[in-house]
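Hi,

Here's the structure I promised to pass on. Have a look at it first, then read on for what turned up.

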Amino acid sequence: MSAVPVLNRALTGLPKAPVRIVHLGLGAFHRSHEAWYTQHAGDGPEWGIAAFTGRRPDAALALAAQDGLFTLIERSGNGDSFEIIGSVSEAVDGADVGRLRDMVSAPETAMVTLTITEAAYGLDSNGRFDAGAPGFAGDLTVLAGDGGTGESPATPLGRLVSALAARKEAAAGPIAVVSCDNLSGNGEVARRSIMGLAEAWDGELAQWIGANVSFVSTSVDRITPRTTDADIARVQDSCGYRDTSPVVAEPFRDWVISGNFPKGRPRWEDAGAVLVDDIEPYENRKLWLLNGAHSLLAYAGQLRGHTTVAEALEDRLCRDAVEAFWDEAAQHLPDENLHIPEYREALVARFGNARIAHHLSQIAVDGSTKLRMRALPVLAAERSRGRSGAGSAMMLAAWIDYAAANEKLQDPLSEAIGAANGAHGLDRVAALLNLVSHGLGDDEQTVALVAGLCGTFSKNATTTTTAARLISGRNS
Ligand code: CS2
């Protein structure tokens, strides 16, 4: 019996494109989204990606052993289809900051794209950049030592600022920084964080960045669950080669982009990406309706004993809470071009794709940062119209109950959450709300509203509970 070959370029005939994109955050989402769009751009063969991992080298080592190639398993409700993606020309351990500096300072490099997670931008509970946030203070000490200590920055943005300094030194010209994280105004957030770090380190670099770096905002979308051993086995059975790093995604994908690319970009629009002047309405639609519902399901669903998004959506209590939140959010998405009813309908179908085992625990991480963007804007907009905002408050209440049920959360504020959990009753709710947004816990009405909704998603709750009636209005 002949051995199963390992995926590689000779096997596929896919050439390696020259690197013109540097990416930070080599995870499954980058591979199912930007790497796919780049492969499908008409001029894709001219645009290779050098992708750096975040904290661990594993993903880079595994991909490098396959010449950067991986299989995208597109998983619909009816079956799987397989495609080899070849746009990642180089996969690098993120700790290799020397390589990052070399790549970013190459004149051919046109952009740095980011999927570094929302929490990595170092926003404080008022949404402002905090140079004292964990990690940044250490990076600034390392940067101030100018490498004399032999150490390198450890955060993605610390590494990027070091690499931008190399580009300035090399006089390699302007460049775009493109955030692909789920933050509203992500280009502007990236600008504030990168400028904040640069200003704290070297004023001349900050000036250079101000004049040479274009910060592009994007709204990204493709549901990408974690790859399992069964997925790896399925690729081998169906494709006849061994791939240690396939990625699974739903058929749907979307990319809305706004900003300038001073050194060009792939023709992503050939693959369906949309270039717009005003990205905010698209971003709000995606962040509130998709990501907001995801967070609500992540906490409510797990409290109810569910594991995946599809399972949680089947639960009437969770589904009603989602619909109530969507009703509220839709009030603040008035543009007809956003086609909200159709968008909602499509989301129900996407979430309901039970062949995509999208784990609620994966979505539940970093809640303090995510809820700031997913629940609070709708809550504030509702309250400014004199309405209760109970649908959005429900998301906060579910997170607060989830925080009580899980001793150690994966969250940039996990320690403070642990401390706040030590308080009781309204004080506890207020302390936790203050971590999502400083001052929110001082708003007595909001605290009372959220506290009144806590307990809604207990395992034995039914749709006839008072809180459920309060949010849905459809069961009363
Ligand atoms: C999810 C997102 O984990 C999460 O917070 O809400 O990763 C979501 O699956 C993507 O934004 C879909 O495009």
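A polar side-chain atom of Arg-374 sits 2.9 Å from an oxygen atom of the ligand. Bear in mind that this is a predicted model. Two other side chains do something along those lines: an N or O atom of His-294 is 2.8 Å from a ligand oxygen, and for Asn-291 the distance is 3.0 Å. On its own the ligand has 350 Å² of accessible area, and the protein covers 88% of that.

So who else is around the ligand? The surrounding residues also include Asn-182, Asp-221, Arg-222, Lys-286, His-358 and Lys-370. By type, the shell splits into five charged, four polar and three nonpolar residues. Strand 8 (213–221), helix 11 (280–303) and helix 16 (367–374) are the elements that each give two or more residues to it, and helix 11 has the largest share, with four. Both domains take part: domain 1 (9–277) and domain 2 (281–474) each supply at least three residues of the shell.

One more thing, on a sheet. Three strands make up an open sheet with mixed pairing, in the order 4-3-9. Strand 4 (80–85) and strand 9 (247–249) are at the edges with a single partner strand each, so one side of each has no neighbour in the sheet. On average, neighbouring strands here are turned by 25 degrees against each other, ignoring direction. Strand 3 (residues 70–75) runs antiparallel to strand 4, and six bridges join the two. If you want a spot to start looking, Phe-70 is opposite Ile-85 in strand 4.

Cheers

Definitions and conventions. Residues numbered from 1 in each chain as written. Predicted model: local features only at pLDDT ≥ 70, side-chain atom pairs only at ≥ 80, totals over all residues. Heavy atoms only, no water. Near = heavy atom within 4 Å. Polar contact = N/O pair within 3.5 Å; in protein donor to acceptor, adjacent residues only side chain to side chain. Areas by Shrake-Rupley, 256 points an atom, 1.4 Å probe, with all protein chains shown as cover. Nonpolar A, V, L, I, M, F, W, Y, C, P; charged D, E, K, R; others polar. Domains from an automatic or database assignment. Pairing = 2+ DSSP bridges. Axes fitted to C-alpha atoms, helices over the stretch in contact; angles between N-to-C directions.
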